[in-house]
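Reader: Please take me on a close look at a single part of this model, the one helix you would pick out, together with what comes after it in the chain. I would enjoy one connected account, with the cut-offs spelled out as you go.

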Amino acid sequence: MTANFQVRLNRRDITSEEIAEDLRRVAAKLETQAITKIQYDEHGNFGATTVLRKLGSWNGALLKSGLEVANRQDISNDELFENIANVWTKIGRQPFGREVKGKSVGSLFSLATYEKRFGSWNKALLAFARYVELDSGAEESQQPSEPSRHLKVNMRRRTPRDVNWRLRAKVLIKHSCICQMCGDSPAKNPNTILHVDHILAWANGGETVEENLQTLCEKCNIGKSDQLLPDQRLLT
Ligand SMILES: [Zn+2]
């Protein structure tokens, strides 16, 4: 058995996870989320043919590796906008185009994807702003609650407890991603985790609307519930 043959035998033992890891490594190296077969052949450890043999299809391999599918045609604007909101929140300020490409900011899509769809990064941001502004309250139920003498009926909700991502983005951006109690922000301190919090707790009748939502860092939000009585804490 030649050494060469031995190597080929070993290569048949490559696991899918090894390949996925190598795809992610190459993607990080090339600073892209959607690597092509040609790029992988040039920079990868295994070669595109091996990837296809182990994982079936190129796009399937990218998906299994948590990468963006190359030339994916069906990415919705909604997905693209939600991704902007996530990156914006993660870094605590409006992202520059060059920042929207890496896993480090949790971005699923590359700058090129935005440029292709909207013409430029600035145009993508403008479209995002309109999208978030227009529809953040769209999930509100249209049923007006009737005034009632009974507390139980007053406690009926017009809005769901969960803050949808558009409303969350709107509130965070309005507050410049700064905790309204202590002033902390991911822009100053990357470890800061921001919450969008009901000012009047949802369980106490507070609605999930912009006016009743505030931006708090995790520390302040937990501190806030610590100040309440134990049985109130359960309600927030
Ligand atoms: Zn805070």
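Author: Happily; here is some background first, and then the part itself.

This is a predicted model, in which local features need pLDDT of at least 70, side-chain atom pairs count only at pLDDT 80 or more, and totals for chains, interfaces and linings use all residues. Residues are numbered from 1 along each chain as its sequence is written.

The protein chain has 12 helices and 2 strands, where helices (H or I, at least four residues) and strands (E, at least two) are DSSP runs numbered from the N terminus. In order from the N terminus, the elements read α-α-α-α-α-α-α-α-α-α-β-β-α-α. Of the 236 residues in the protein chain, 25% are buried; a residue is buried if 20 or more other C-beta atoms lie within 10 Å of its own, exposed if 12 or fewer, and partly exposed in between, with C-beta atoms placed from the backbone.

Against that background, let us turn to helix 10, residues 165–174. The rest of the structure largely encloses helix 10, because 7 of its 10 residues are buried. Those buried residues are Arg 166, Leu 167, Arg 168, Ala 169, Lys 170, Val 171 and Leu 172.

Leu 172 also matters for the next step, the largest nonpolar core: among its 26 residues, Leu 172, Ile 84 and Tyr 114 touch the most other members. A nonpolar core here is a set of buried Ala, Val, Leu, Ile, Met, Phe, Trp, Tyr and Cys residues joined through C-beta atoms within 7 Å. Helix 10 is one of the elements that give two or more residues to this core, along with helix 6 (77–91), helix 7 (111–118), helix 8 (121–135), strand 1 and strand 2. The most comes from helix 6, with 6 residues. Domain 2 (77–135) and domain 3 (161–233) each supply at least three residues to this core, the domain bounds coming from an automatic or database domain assignment. There is also a second, separate core of 12 residues, which includes Ile 19, Tyr 40, Val 51 and Leu 62.

Now follow the chain out of helix 10. Just after this helix, Ser 176 takes a positive phi of about 55 degrees, although Ser 176 is not a glycine. Ser 176 sits in the loop between helix 10 and strand 1 (194–198). Cys 177 belongs to that loop between helix 10 and strand 1 too, and its phi is likewise positive, near 55 degrees, in a residue other than glycine. Which of the two is buried and which exposed? Ser 176 counts as exposed because it has 12 C-beta neighbours inside 10 Å. Cys 177 counts as buried because it has 25 C-beta neighbours inside 10 Å.

At the far end of the loop lies strand 1. Strand 1 runs antiparallel to strand 2, and 5 bridges join them; strands are said to pair if DSSP finds at least two bridges between them. One of the partnerships links His 198 to Leu 213 in strand 2. Strand 2 (residues 213–217) is mostly covered, with 4 of its 5 residues buried. Strands 1 and 2 bring us back to the core, since both are among the elements giving it two or more residues, as is helix 10.
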